[in-house]
Structure formats: C-alpha cells, structure tokens
Amino acid sequence: MAISKSTILKILSKAPIGFLFKPFYSGEGSILFMHKVVLNKDKNASRIPLMAANEIEVDFLEKMILFLKKKKYEFISLDELHYRLENPEKKSKKFIVFTFDDGYKDNLTLAYPIFKKHNVPFTIYLTNCYPNKTAKLWWYMLEDILLENTIFSLKVGDLFVEHSCKTQKEKENTFGKLRTLIISSAPEKQNEIIEALEKKYSKSLQTYVENESLNWDEVKKLSEDSLVTIGGHSLNHLTFNKLNKEEILTEVLGSKQEIEKNIDKEVAHFAYPFGTSNEINQREVEILEENTNFKTATTTRMGNIFLDHKQSCFALPRIQVLGNQQNLSILNLYLTGVLPAIKNRFKKIVTL
Ligand SMILES: [Zn+2]
C-alpha cells in the first residue's frame with residue numbers, strides 16, 4: 001500500500017522528532033513566504049491544490065503569529081536579517097521574517113491589520129505589473145476554466161493540447177501540465193497561449209488583476225509604515241532562465257527604479273520570480289550579484305537561514321506557509337529543520 005505525502009506529514013507532525021533536527025537544521029531562523037490571504041475558505045469548494053496552497057486564511061495567519069510568539073521567536077525585517085548576516089553573532093532567540101510575493105490587495109486589507117495589531121514587521125515583494133494592472137494572472141483563469149469544464153482543449157499555432165477534465169484528479173493533472181507548459185515557454189509564446197485561453201473560454205484576464213492586486217497608492221500607503229518593507233519581484237514575473245542578461249536586468253532594475261519612484265524609498269531586497277531550480281540557478285544569481293546593489297535576494301528553495309548564508313545573500317532559501325496545510329505542527333517541522341533536511345538530503349546550508 002502506498003502511503004500518501006499528507007499521511008507521512010501527519011505522522012511526522014505527531015512524532016517528537018523536531019528536537020533531533022533542531023540543533024543542526026533550524027539555523028538562526030527562517031524566512032517564511034506566502035502569497036494571498038483570504039477570509040475563510042469554503043471547505044466544500046472544489047479547488048486546484050496548487051492554487052489553494054497560495055491562500056492563507058487570515059485566522060491562521062494570526063494563529064501562526066501567536067504560536068511563534070509563544071515559542072519565543074523574534075520577528076525581524078529583511079534589513080535586520082541582512083545586518084545579522086553581516087555582523088554575525090549567535091543569538092539566543094531564533095528569528096522569523098514574514099514575506100509575501102507578488103502584491104495582492106489582501107496583503108493590505110487582511111494581512112496588514114494583523115501584523116499591525118501584533119507589531120510584527122513584514123515584506124511585500126512587488127511585481128510591478130500588479131500595481132500597473134498589466135499582470136496576466138493566468139493561473140486563476142486556468143483554475144476557473146478547469147473547474148468549469150469536463151474537457152480541455154486548446155490550439156495555438158502548431159501546438160494542440162486536449163485533456164479530459166471530468167474528475168478532480170484529471171483537473172489537477174491538467175492544471176499541472178498547462179502550468180509547466182506556460183511557465184517553460186518563452187514570453188511571446190506564453191502570451192499566445194494565454195490569449196488563446198481567454199478567447200476560447202470567453203474569459204477576461206483584466207478583471208482578475210483589477211480585483212486582486214494592490215494599486216500604487218496602496219503600495220505607497222503600506223511603505224509609509226516602518227513595519228513594512230517593499231521589495232522587488234521584477235517588472236513582469238517572467239521566467240528568468242528564458243531571458244538573456246540584458247532582459248533580466250531590465251526586469252530587475254526597471255522594477256526597482258519604478259517602485260522607488262512611487263514610494264520615495266530605496267528598494268534593497270529582491271525575490272526571484274518562481275525561484276525554483278527550474279527557473280533560477282547560478283547564472284541568474286550571478287547576474288544580480290554583479291549588477292545590482294540589493295542587500296538580499298531570496299529564492300523559493302526550502303531551507304532555514306544560517307550565519308554561513310553571509311556568503312550567499314543573493315540566494316537565500318525560504319519556507320512556504322502552505323494554505324492547503326495550515327497546520328502549526330507541520331510548520332514546526334519546517335522550522336526545526338525536519339522537512340528541509342529530508343528535502344535537501346540532509347544538506348544544511350541551502351543556497352541553489
Ligand atoms: Zn511570484
């Protein structure tokens with residue numbers, strides 16, 4: 001009998017094994033990342049798990065802050081994290097840095113009041129096409145299309161895909177395949193596929209970005225609070241290893257300059273779009289290291305932060321708080337280092 005990943009997680013979260021890993025794999029602390037915050041999830045609604053993973057309930061966010069407070073974690077900003085890496089000394093308390101990717105409106109309307117209430121700093125890594133309202137949030141459109149249809153087919157140039165989408169499993173598989181197809185395509189091809197989807201299934205991508213993303217006034221308002229750091233996340237959230245060096249620098253430096261102009265503050269931190277080994281590797285990190293003056297840049301590799309990361313400030317790993325888990329015991333498995341150790345085959349310092 002095959003044991004599912006979620007069963008293994010449940011067993012691990014009940015087993016008192018954190019203390020075995022903590023001395024070696026918890027490091028000095030962790031950078032957590034999330035995307036959207038929502039009020040309450042409809043437990044009966046059919047969802048694509050990858051999408052549900054990107055949504056944290058606001059109550060869970062608060063529970064998590066209280067849990068971490070009780071466990072004596074210290075909440076710090078990215079500037080403070082950078083200072084600690086530059087001026088290393090062992091601290092008795094472990095730290096947590098909260099980060100949000102992309103620039104969703106709910107970061108202001110739902111998350112910000114919770115952080116304010118508990119006086120906890122956090123960062124929003126902003127993709128400029130969100131406040132510019134030009135972002136193509138195709139993943140939401142794709143989820144809607146797959147949930148609404150029992151068969152999926154699309155023809156773009158010489159590309160033809162057709163998948164049965166009757167069952168939840170089929171919908172999930174199709175979502176995974178199309179997501180990979182879109183992300184791994186060059187920008188022009190991506191646009192062609194997205195436009196073909198809109199046309200075939202009568203959807204308007206514009207409504208998604210209008211409703212879901214922060215505008216510049218809201219970004220500015222957030223940036224005026226000393227608890228909030230606005231970081232960069234590129235102009236258009238493209239796949240960096242599909243771009244040449246000049247294109248990457250336009251995406252990165254163009255984003256930094258435009259945000260700085262809008263908030264009247266320096267942007268000192270960056271998160272690579274996507275950030276897995278499928279998109280970000282040595283070449284991309286070196287391009288940023290050699291041509292930008294950010295203090296830190298983060299990936300989506302799974303790992304905790306160690307003082308030795310001073311050598312790799314442009315490839316800092318993070319821990320995703322998954323909206324389809326929302327479980328404090330599982331969060332503890334990440335922070336104590338159990339899951340990062342397993343994922344990285346017991347490598348301690350995760351960079352690339
Ligand atoms: Zn992103």
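Let me begin with helix H14, residues 328–335, whose buried residues are covered by a set of elements that includes helix H1 (5–14), helix H2 (18–25), strand E1 (29–34), helix H4 (58–70), strand E12 (316–320) and H15. Before I go further, please keep in mind that this is a predicted model. The buried residues in H14 are Leu-331, Leu-333, Tyr-334 and Leu-335, and H14 is followed by Gly-337, which has a positive phi, near 100°.

One of the covering elements, helix H4, holds Met-64, and that residue gives us a way to look at the contact from the other side. Met-64 has 20 C-beta neighbours inside 10 Å, and because 20 or more is what buried requires here, Met-64 counts as buried. If we leave aside neighbours within four places in sequence, Met-64 is in contact with Val-321, Leu-328 and Leu-331. Met-64 and Leu-328 are 264 residues apart along the chain, and yet their C-alpha atoms are separated by 6.9 Å.

Let me now step back to the overall division of the protein. There are two domains to keep in view, with domain 1 made of 23–135 + 213–337 and domain 2 covering 138–206. Their C-alpha centres lie 28 Å apart, and where they meet, nine residues of domain 1 are in contact with eleven residues of domain 2. What kinds of residue does domain 1 have on the side that touches domain 2? By class, that side has six nonpolar, two polar and one charged residues.

Next I would like to turn to helix H9, residues 187–200, where a simple check of length can be made. H9 has 14 residues, and at 1.5 Å a residue it should span 20 Å, which agrees with the 20 Å that separates its end C-alpha atoms. Just after H9 comes Ser-202, which takes a positive phi of about 45°.

I move now to the strands, and I will start with E6, residues 122–126. Is E6 buried or exposed? Five of the five residues of E6 are buried, so this strand is largely enclosed by the rest of the structure. Looking at the side chains, Phe-122, Ile-124 and Leu-126 point one way from E6, while Thr-123 and Tyr-125 point the other way, and all are buried.

E6 has a partner in strand E5, residues 95–102, and the two pair in the parallel sense over five bridges. Within this pairing, Phe-98 has Phe-122 of E6 as its bridge partner. Between the two strands the chain passes through helix H6, residues 106–117, and this β-α-β crossover from E5 to E6 is right-handed.

E6 is also joined by five bridges to strand E9, residues 228–232, and these strands run parallel. Here the bridge partner of Tyr-125 is Gly-231, in E9. E9 is itself mostly covered, with five of its five residues buried. Val-228, Ile-230 and Gly-232 point one way from E9 and Thr-229 and Gly-231 the other way, and all are buried.

Both Tyr-125 and Gly-231 appear again when we look at Ala-271, since Ala-271 touches Thr-99, Asp-101, Tyr-125, Gly-231, His-233, Ala-297 and Thr-298, not counting residues up to four places away in sequence. Ala-271 sits in strand E10, residues 269–271, and it counts as buried because it has 29 C-beta neighbours inside 10 Å. Ile-114, by contrast, is 157 residues from Ala-271 in sequence and 23 Å from it in space, C-alpha to C-alpha.

I will finish with two residues that deserve a look at their backbone angles. Most residues other than glycine have a negative phi. Asn-119, which lies in the loop between H6 and E6, is not a glycine, and yet its phi is positive, near 55°. With 8 C-beta neighbours inside 10 Å, Asn-119 counts as exposed.

The second of these is Phe-346, in the segment after helix H15 (338–343), which has a positive phi of about 70° although it is not a glycine. Is Phe-346 buried or exposed? There are 12 other C-beta atoms within 10 Å of Phe-346, and since 12 or fewer is what exposed requires, Phe-346 is exposed.

Technical notes. Residues numbered from 1 in each chain as written. Predicted model: local features only at pLDDT ≥ 70, side-chain atom pairs only at ≥ 80, totals over all residues. Helix = DSSP H or I, 4+ residues; strand = E, 2+ residues; numbered from the N terminus. Expected span 1.5 Å × (residues − 1). Domains from an automatic or database assignment. Contact = placed C-beta atoms within 7 Å. Nonpolar A, V, L, I, M, F, W, Y, C, P; charged D, E, K, R; others polar. Pairing = 2+ DSSP bridges. Right-handed = clockwise from strand over helix to strand, strands pointing away.
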